[in-house]
Amino acid sequence: MKVTILEVLGTLLLALLIFLGVHFTLESRQIDGFCMEPNLYDGQRVLVCKAAYWFGEPSRGDVIVFHKPGEPERFLIKRIIGMPGEWIEVKDGIVYISSDPLYETTPLEEPYTKEPANDDYSGTQIPDGHYFVMGDNRNYSSDSRSWGTLPRENIIGKAWLCYWPLSDWHLVSGYSYEEE
């Protein structure tokens, strides 16, 4: 009888550890709106890896889920475009990035966008500990162009897997930019 009770307690402890591990590392979120088309669509569900940035920082091209600045109860999903300390502007639908406003800006390669942005965004420097995020569907996205940069502490995690609808499950692809 003692062996059976110990086995049950061991199984319950293992189940609790698995549950806590999943709870603290993954989260499910639904895509709300059209801002990430053509890569993610309204109504799809994604798993968010909350552990993705425990030991490292976000990278340009990552698709992230975060609390909207000024509205912490709202969750948004966008792509990281600008990194802390960089200067960023959007001119004629093209994103330009520079590490210093005195030097020439570089156009950002963005094969994931639906279409170029219709409006320009004047240059600004991204503060330390902040990121500049934009939706892939630039003309239907409320993003850093309208509400400012995203503080690092607002980031929940990296979008990892689109699992709903089942007919369209796939890994959420970030875009890897080579380090300069």
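What follows is a short chat about reading a predicted model of a protein.

Me: Let's start broad. How many helices and strands does the protein have, and in what order do they run?

Reply: Remember this is a predicted model. The count is 2 helices and 12 strands. Starting at the N terminus, the order is α-β-β-β-β-β-β-β-β-β-α-β-β-β.

Me: What does the C-alpha trace span along its principal axes?

Reply: About 75 × 35 × 30 Å. As for the inside, buried residues account for 38% of the 180 residues. If you take contacts between residues at least 6 apart in sequence, 59% of them join residues at least 24 apart.

Me: And the surface and charges: how many positive and negative side chains are there?

Reply: There are 15 positive and 27 negative side chains, and the centres of the two sets sit 8 Å apart. The accessible surface is about 10,700 Å², with 59% of that belonging to carbon and sulfur atoms.

Me: How do I read a pocket, and what is the volume of the second largest one?

Reply: The general idea is to roll a probe the size of a water molecule over the atoms, which shows where empty space is left. Here, the second largest pocket has a volume of about 300 Å³. Its lining has 18 residues, and Asp32, Arg74, Phe75, Leu76 and Ile77 are the closest to its centre.

Me: Which strand gives the largest share of that lining?

Reply: That's β4, with 5 residues. Strands β1 (26–30), β3 (63–68) and β4 (71–82) each put in at least two.

Me: Now single residues. Why is lysine 158 called partly exposed, and aspartate 92 exposed?

Reply: You read the relative accessible area against cut-offs: under 20% is buried, over 50% is exposed, and partly exposed is in between. Lysine 158 comes to 31%, so it is partly exposed. Aspartate 92 comes to 66%, so it is exposed.

Me: Where do those two residues lie?

Reply: Lysine 158 is in strand β11 (residues 155–164). Leaving out residues up to four places away in sequence, its contacts include Leu47, Tyr53 and Asp62. Aspartate 92 is in the loop between β5 (87–91) and β6 (94–98), and has a positive phi of about 55° although it is not a glycine. C-alpha to C-alpha, the two are 29 Å apart in space, and in sequence they are 66 residues apart.

Me: Which peptide bonds should I look at for cis geometry?

Reply: Try glutamate 37 to proline 38, which is cis with omega near 15°; proline 38 is in the loop between β1 and β2 (45–49). Tryptophan 164 and proline 165 are also joined by a cis bond, with omega about 5°, and proline 165 is in the loop between β11 and β12 (170–171).

Technical notes:
Residues numbered from 1 in each chain as written. Predicted model: local features only at pLDDT ≥ 70, side-chain atom pairs only at ≥ 80, totals over all residues. Heavy atoms only, no water. Helix = DSSP H or I, 4+ residues; strand = E, 2+ residues; numbered from the N terminus. Buried < 20%, exposed > 50% of the residue type's maximum accessible area, 1.4 Å probe, protein only. Contact = heavy atoms within 4.5 Å. Areas by Shrake-Rupley, 256 points an atom, 1.4 Å probe, with all protein chains shown as cover. Lys, Arg positive; Asp, Glu negative; His and termini not counted. Charge placed at Lys NZ, Arg CZ, Asp CG, Glu CD. 1 Å grid on protein atoms, 1.4 Å probe; cavity = no way out; pocket = protein on both sides within 12 Å on 5 of 7 lines; lining within 4 Å. Points joined across faces, edges and corners; volume = space filled by probe spheres on them.
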